[in-house]
Amino acid sequence: MKSITLHNLDDDLVELIERESKDSGLSLNKTIKNLLHKALGTNPKPKKIREEEFSDLLGIWDQEQLDEFTENTKEFGEVNAEDWK
């Protein structure tokens, strides 16, 4: 991806962009990119979902597997005072 540097922006314009950034809770960079997409009538590329990117490496448990894991590891959540003597 390329970067663009803008020079000599009007103070009023900078203030409006900063306000938009603060109101939306986004960085200035993301705010400006969103404003450009809106002004040009384009849609930003959808973000990849991390779960989909790594699911072949990490796997995903179903409820039955989670229940089995929880049952088999529940003793790790218990503190036995005798173990600390």
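In which helix is Ser-21 found? Ser-21 sits in helix H1, where helices are DSSP runs of H or I with at least four residues, strands are E runs of at least two, and numbering starts at the N terminus. The model is a predicted one, so local features need pLDDT of at least 70 and side-chain atom pairs count only at pLDDT 80 or more, while totals for chains, interfaces and linings use all residues. Residues are numbered from 1 along each chain as its sequence is written, and side-chain values use heavy atoms, with hydrogens and water left out.

Back to Ser-21: with a relative accessible area of 9%, it is buried. The cut-offs here are under 20% for buried and over 50% for exposed, with partly exposed in between (1.4 Å probe, protein chains only). Leaving aside residues up to four places away in sequence, Ser-21 touches Leu-26, Ser-27, Leu-28 and Thr-31; contact means heavy atoms within 4.5 Å. Ser-24 is found in helix H1 too, but Ser-24 is partly exposed because its relative accessibility comes to 35%. From Ser-24 to Pro-46 there are 22 residues in sequence and 18 Å in space, C-alpha to C-alpha.

Helix H1 also carries a salt bridge, between the side chains of Glu-15 and Arg-19 (3.0 Å, N to O). The term stands for a side-chain nitrogen of Lys or Arg within 4 Å of a carboxyl oxygen of Asp or Glu. Why does the spacing suit a helix? Glu-15 and Arg-19 are four residues apart in helix H1, so about one helical turn separates them. An α-helix has 3.6 residues a turn, so residues three or four places apart point the same way. Glu-15 is partly exposed at 43%, and Arg-19 counts as partly exposed, at 43% as well.

How many salt bridges turn up in a search of the whole structure? The search finds three. One of them joins Lys-74 to Glu-71, with the closest N and O atoms 3.1 Å apart. Lys-74 is partly exposed at 48% relative accessible area, and Glu-71 is partly exposed at 46%. Glu-82 and Lys-85 also meet through their side chains in a salt bridge (3.1 Å, N to O), and here Lys-85 counts as exposed, at 77% relative accessibility.

Next comes helix H2, which covers residues 28-40. Its 13 residues should span 18 Å at 1.5 Å a residue, and the end C-alpha atoms are indeed 18 Å apart, so the two values agree. The expected span is 1.5 Å times one less than the number of residues. Just after H2, Gly-41 takes a positive phi of about 70°.

On the surface, Ile-4, Leu-6, Leu-9 and Leu-13 make a nonpolar patch of about 400 Å². Patches are built from residues with over 30% relative accessible area and no salt bridge, joining like charges within 9 Å and nonpolar side chains (Val, Leu, Ile, Met, Phe, Trp, Tyr) within 5 Å. Areas come from the Shrake-Rupley method with a 1.4 Å probe, and for residues only the protein chains shown count as cover. Leu-6 lies in the segment before helix H1 (11-24) and counts as exposed, at 55%.

Finally, a search of the whole structure finds one aromatic pair. Trp-61 and Phe-69 form this tilted pair, 4.9 Å centre to centre with 55° between the planes. Rings of Phe, Tyr and Trp (its six-membered ring) pair if their centres lie within 6.5 Å; planes under 30 degrees apart are stacked, over 60 edge-to-face, and the rest tilted. Phe-69 is partly exposed, at 43% relative accessibility.
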